[in-house]
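Here are some notes to read with the model open beside you. Take the points one at a time, and find each residue on screen as you go.

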Amino acid sequence: MTKKILILPGDGIGQEIVAEAVKVLDCLQKDFGLKVELEEALVGGTAYDDSGSPLPESTLTLAKEADSLLLGAVGGYKWESLDIAVRPEKGLLGLRAELELFANLRPAILYPQLADASTLKPEVVSGLDIMIVRELTGGIYFGQPRGVRTLDNGEKEGYNTLVYRESEIERIAKVAFDIAGKRDSRVCSVDKANVLECTELWREVVNRVGEDHKEIELSHMYVDNAAMQLVRAPKQFDVMVTTNMFGDILSDCAAMLTGSIGMLPSASLDINSKGMYEPIHGSAPDIAGQGVANPLATILSVAMMLRYSLDEAALAERIEQAVNSVLDQGLRTQDIFSEGMKQVGTAEMGDAVVAAMR
Ligand code: NAD
C-alpha cells in the first residue's frame with residue numbers, strides 16, 4: 001500500500017538538507033520499489049510569514065493524514081522577537097502535541113571514520129551506538145500546577161509538578177523494550193527513585209513491563225550516575241529509557257559524545273508507530289543559504305522512518321551503508337572536515353549518498 005509522507009522543510013538550512021533527503025526518497029521510489037507519496041507543507045517561520053501561524057491548519061490536516069513526517073528544522077534570527085505564541089518553535093511543539101508523539105528516539109552513533117570529531121578519547125567512544133528513548137509528552141514539562149506565585153511575605157516562589165501516570169510509563173517502557181529486542185537486548189531505565197516518588201513509580205512500572213520481556217536485560221540507574229557514566233564509559237549502554245526532562249538533558253549529552261551535530265537523526269513516535277523524523281540540530285541560520293550544511297542527519301532520519309514507521313528495514317540499511325560508504329570515500333561537509341579529506345557542499349554530499357545507494 002502506498003504510504004503518505006509529509007515533507008516539512010521548515011526554516012534556514014531545513015530547506016537545503018531536506019532537498020537532499022528527498023533525493024534519497026526519490027531514488028528509493030525509482031530504483032528500489034518503495035511505494036510512497038510525498039506532499040510538502042509549511043511549518044515554522046516560513047509558515048508564519050505566509051499565514052501568520054507557525055502551524056497553519058492546512059499543515060496540521062496534512063500531518064494528521066500522513067503516515068510519517070520528515071522535518072528539516074525551524075527557527076531563525078528573523079523570528080526571534082515575535083510573541084512566544086507564534087514563534088517558529090511553536091509549530092514543532094504543536095505537531096508533537098497534536099499528533100501525540102510521546103516517544104522520542106535519539107540514537108547516538110559514532111562513525112569510526114569520525115572518531116576524531118569527539119572531545120572524548122577515541123578508545124572511549126569508537127563504536128559507540130546508544131539509543132536514548134525519552135518520554136516526550138508528559139512529566140515536569142507539562143505537569144500542573146505550575147507557575148510563579150507571591151507568598152504572604154511578598155517573596156516570589158516558582159513551582160512545577162513532576163507527574164506520570166502508570167499508562168504513560170508503561171507505553172514508553174514498551175517502546176524501549178521493543179527497540180532493545182531489535183538491538184543488543186539491554187535496557188537501562190534512568191530515574192531518581194531515591195528522591196522522587198514519581199520516579200519510584202516509574203521504576204515499579206518499568207519492572208512490571210520488564211516481566212513481559214524476559215529476553216531483555218533490564219537495569220536501573222539514578223540520573224546523576226547515568227550522566228557520569230555517559231562521559232566515563234558510554235559504550236556500556238544499549239537502550240536508555242527515561243523521563244522527559246532527564247531525557248532532554250542526557251540525549252544532548254550523548255549526542256555530543258559523537259562530536260558531530262550534523263550526523264544525528266531522531267524520531268518521535270505515537271502509539272501506532274506513526275512518526276515525525278528530523279535531525280537533532282536546528283536551522284543553523286549562521287550558515288543557511290550557503291549550500292554548506294551537512295545533510296546526513298536528515299538523510300539518516302529517512303532511514304529511521306523506513307525502520308520504525310514504514311517497516312522497510314532493508315532499505316534503511318541501504319541508506320546507512322551508503323552513508324558509511326561516502327565517509328569511507330573521504331567526503332566531508334565543513335562541520336566534519338579534517339585534514340586529508342575532500343570537502344563537499346550539501347548537494348554534492350546528497351548526490352554521493354544516492355550514487356552509493358545505487
Ligand atoms: P543549531 O543546531 O541550529 O546550530 C548550532 C551550530 O551547529 C551552528 O554553528 C550551526 O551552523 C551548526 N550546525 C547545525 N546543523 C548543522 C548541519 N547540518 N551542518 C553543519 N553545521 C550545522 O542550533 P542554534 O544555533 O542554537 O539554533 C538556531 C535556530 O534553530 C534557533 O532558532 C533554534 O530555536 C532553532 N532550533 C530548532 C530545532 C528544531 O527545529 N528541531 C532544534 C534546535 C534549535
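1. Let's begin at the ligand, with Gly 76. In this predicted model, a backbone N or O atom of Gly 76 sits 3.2 Å from an oxygen atom of the ligand. Ser 283 also uses its backbone: an N or O atom there is 3.1 Å from a ligand oxygen atom. His 281 brings in its side chain instead, with a polar atom 3.1 Å from a nitrogen atom of the ligand.

2. How much of the ligand does the protein bury? On its own the ligand would expose 810 Å², and the protein buries 68% of that.

3. Now look at the shell around the ligand. There are 20 residues around the ligand, and those that come nearest are Glu 89, Gly 282, Ala 284, Asp 286 and Asn 294. By class, the shell consists of 9 nonpolar, 7 polar and 4 charged residues.

4. Next come the pockets. The largest pocket has a volume of about 680 Å³. Its lining counts 34 residues, and the closest to the pocket centre are Ile 109, Asp 129, Arg 183, Arg 307 and Glu 320. Try selecting these five residues to find the middle of the pocket.

5. Which element gives the largest share of that lining? For the largest pocket the answer is α11, with 5 residues. At least two lining residues come from each of β4 (103-109), β5 (129-135), α10 (296-308) and α11 (313-328). In terms of class, the lining of the largest pocket has 19 nonpolar, 4 polar and 11 charged residues.

6. You can also view the largest pocket by domain. Domain 1 (1-102 + 270-358) and domain 2 (109-259) each contribute at least three residues to its lining. Notice that domain 1 is written as two stretches of the chain, 1-102 and 270-358, so colour both of them when you follow this point.7. The second largest pocket has a volume of about 480 Å³. It is lined by 24 residues, and Leu 92, Arg 96, Glu 278, Ile 280 and His 281 lie nearest its centre. Two or more lining residues come from each of β3 (68-73), α4 (88-98), β4, α9 (244-257), β11 (265-269) and β12 (275-279). You have met His 281 already, as the residue with a polar side-chain atom 3.1 Å from a nitrogen atom of the ligand.

8. Why does the second largest pocket lie between the two domains? Domain 1 (1-102 + 270-358) and domain 2 (109-259) both give residues to its lining, so the pocket lies between them. The classes in this lining are 10 nonpolar, 7 polar and 7 charged residues.

9. Let's turn to the cavities. The structure holds 2 cavities of 30 Å³ or more, and the largest has a volume of about 40 Å³. Lys 4, Ile 5, Leu 6, Glu 39, Leu 62, Glu 65 and Ala 66 line the largest cavity. Both β1 (3-10) and α3 (57-65) give two or more residues to this lining, and β1 has the largest share, with 3 residues. The lining of the largest cavity holds 4 nonpolar, no polar and 3 charged residues.

10. The second largest cavity contains about 30 Å³ of space. Its lining is made of Arg 106, Pro 107, Ala 108, Ser 251, Ala 254 and Ala 255, with β4 and α9 each giving two or more residues. This lining divides into 4 nonpolar, 1 polar and 1 charged residues. Strand β4 is a good one to highlight, as it also supplies at least two residues to the lining of the largest pocket.

11. Finally, here are two backbone details to check. Most residues other than glycine have a negative phi, and most peptide bonds are trans. Between Gln 144 and Pro 145, however, there is a cis peptide bond, with omega about 0 degrees. You will find Pro 145 in the loop between β5 and β6 (147-150). Ser 273 is not a glycine, yet its phi is positive, at about 65 degrees. Look for Ser 273 in the loop between β11 and β12.

Key:
Residues numbered from 1 in each chain as written. Predicted model: local features only at pLDDT ≥ 70, side-chain atom pairs only at ≥ 80, totals over all residues. Heavy atoms only, no water. 1 Å grid on protein atoms, 1.4 Å probe; cavity = no way out; pocket = protein on both sides within 12 Å on 5 of 7 lines; lining within 4 Å. Points joined across faces, edges and corners; volume = space filled by probe spheres on them. Helix = DSSP H or I, 4+ residues; strand = E, 2+ residues; numbered from the N terminus. Nonpolar A, V, L, I, M, F, W, Y, C, P; charged D, E, K, R; others polar. Domains from an automatic or database assignment. Near = heavy atom within 4 Å. Polar contact = N/O pair within 3.5 Å; in protein donor to acceptor, adjacent residues only side chain to side chain. Areas by Shrake-Rupley, 256 points an atom, 1.4 Å probe, with all protein chains shown as cover.
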